[in-house]
Amino acid sequence: MDFLNTNTGQNNFNNPNGGHTAVYIDDRPMNNVEGRMTVSGSLMQNIGDPGFNTLDEPIKTTIMRDLKAVGMKFKHVLYLKEKNTLLKEWDLWGPLMLCTFMAMVLQASPDSVQIGDGGPEFAEVFVIIWIGSVIITLNSKLLGGTISFFQSVCVLGYCLLPIVIALIICRFILIFEQTNFLFFIRFAISIGSFLWSTYASVVFLGDSQPQGKKALAVYPIFLFYFIMSWLVLSHTV
């Protein structure tokens, strides 16, 4: 009959971080089974630790940690110093928030729809952003890109941040009576956000593309952010 017998050496009895547990099955030692029996509370506070479990922490702590992670990714998009964060610790919370905000602001008002001069609907903006991101990601994978599907979608979504900032500024400018000068300001802001979003996404995704095919991978990104910037510039209601 099989039995399990554990034996811990006496020399390590008083060492909480030491100890080697030998397991015997049918009187044959299994010396490759060893490890720490307990995990201190401080070690369980870091993501990735074996004992880490978000179910054991308050909801407020979880939400604040996720918001800080999203904020750090926004910072990396505006300040291109660390380009591996979006790829290693990807998530879709930031892209979802940016996409929802743009769709809510750009959607046409009921009055403008009745006179035939309305902007896109909420669902149209939502679909353009997500379908566009998926198409760019599939194009990257077909060209031999080395990053995963969701990593690419994450980067493309977070790099919408400059365009979202331009949308907020342009929406504020629309409060005033429109002149050629104000239109030029809106045009310059939209072009600047388009260039920054395109540049940021290329910085994050450029190294994942094989040599000689980067231009084919950049062109859909260029077109995607150009369309989103055009929606911001053409928004007049």
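**A buried salt bridge and the helices of a predicted model**

D91 forms a salt bridge with K73, with the closest N and O atoms 3.1 Å apart; the term stands for a side-chain nitrogen of Lys or Arg within 4 Å of a carboxyl oxygen of Asp or Glu. The pair links distant parts of the chain: D91 sits in the loop between α2 (85-88) and α3, whereas K73 belongs to helix α1 (residues 59-78), 18 residues apart. Side chains of opposite charge can pair when their charged atoms come close. Both D91 and K73 are buried, a label for residues under 20% relative accessible area, with exposed set at over 50% and partly exposed in between (1.4 Å probe, protein chains only). The structure holds one salt bridge.

This is a predicted model, in which local features need pLDDT of at least 70 and side-chain atom pairs count only at pLDDT 80 or more, while totals for chains, interfaces and linings use all residues. Residues are numbered from 1 along each chain as its sequence is written, and side-chain values use heavy atoms, with hydrogens and water left out.

Turning to the overall fold, the protein has nine helices and three strands. These elements are DSSP runs numbered from the N terminus, helices being H or I with at least four residues and strands E with at least two. Along the sequence, the pattern reads β-β-β-α-α-α-α-α-α-α-α-α. Of the 237 residues in the protein, 33% are buried. Contacts (heavy atoms within 4.5 Å) also give a view of the whole: among those with a separation of 6 or more, 63% are between residues 24 or more positions apart. The protein exposes about 15000 Å², and carbon and sulfur atoms supply 65% of that area; accessible areas come from the Shrake-Rupley method with a 1.4 Å probe, and for residues only the protein chains shown count as cover.

Helix α6 (residues 149-158) makes a good place to begin a closer look. Eight of its ten residues are buried, so α6 is largely enclosed by the rest of the structure. The buried residues are Q151, S152, V153, C154, V155, L156, G157 and Y158. Within this helix, L156 has a relative accessibility of 0% and counts as buried. Leaving aside neighbours within four places in sequence, L156 is in contact with S133, I136, T137, S201, L205, I221 and Y225. The C-alpha atoms of L156 and V202 are separated by 9.5 Å, although the two residues lie 46 residues apart along the chain. Q151, also found in helix α6, counts as buried at 17% relative accessibility. Beyond its neighbours within four places in sequence, Q151 is in contact with L87, K88 and W90.

A view of α6 from another helix is offered by P95, which is found in helix α3. P95 is buried at 2% relative accessibility. Not counting residues up to four places away in sequence, P95 touches W130, V153, C154, G157 and Y158. The C-alpha atoms of P95 and V153 are 8.3 Å apart, with their positions 58 residues apart along the chain.

Helix α5 (residues 122-142) has 21 residues and reaches 30 Å from its first C-alpha to its last, close to the 30 Å expected at 1.5 Å a residue; the expected span is 1.5 Å times one less than the number of residues. Its buried residues are V125, I129, W130, G132, S133, I136, T137 and S140. They cover an arc of only 150° around the axis, which puts them on the same side of α5; the arc is that of the directions from the helix axis to the C-beta atoms. The buried residues of α5 pack against α3 (93-106), α6 and α9 (214-234). On the other side of α5, I135 and L142 are exposed. Just after α5, G144 takes a positive phi of about 100°.

The surface has a feature of its own. I128, Y219, F222, L223, F226, I227 and W230 form a nonpolar patch, with about 690 Å² of accessible area together. Patches are made of residues with over 30% relative accessible area and no salt bridge, like charges being joined within 9 Å and nonpolar side chains (Val, Leu, Ile, Met, Phe, Trp, Tyr) within 5 Å. Helix α9 gives the most to the nonpolar patch, with six residues. Y219 lies in α9 and is exposed, with a relative accessible area of 54%.
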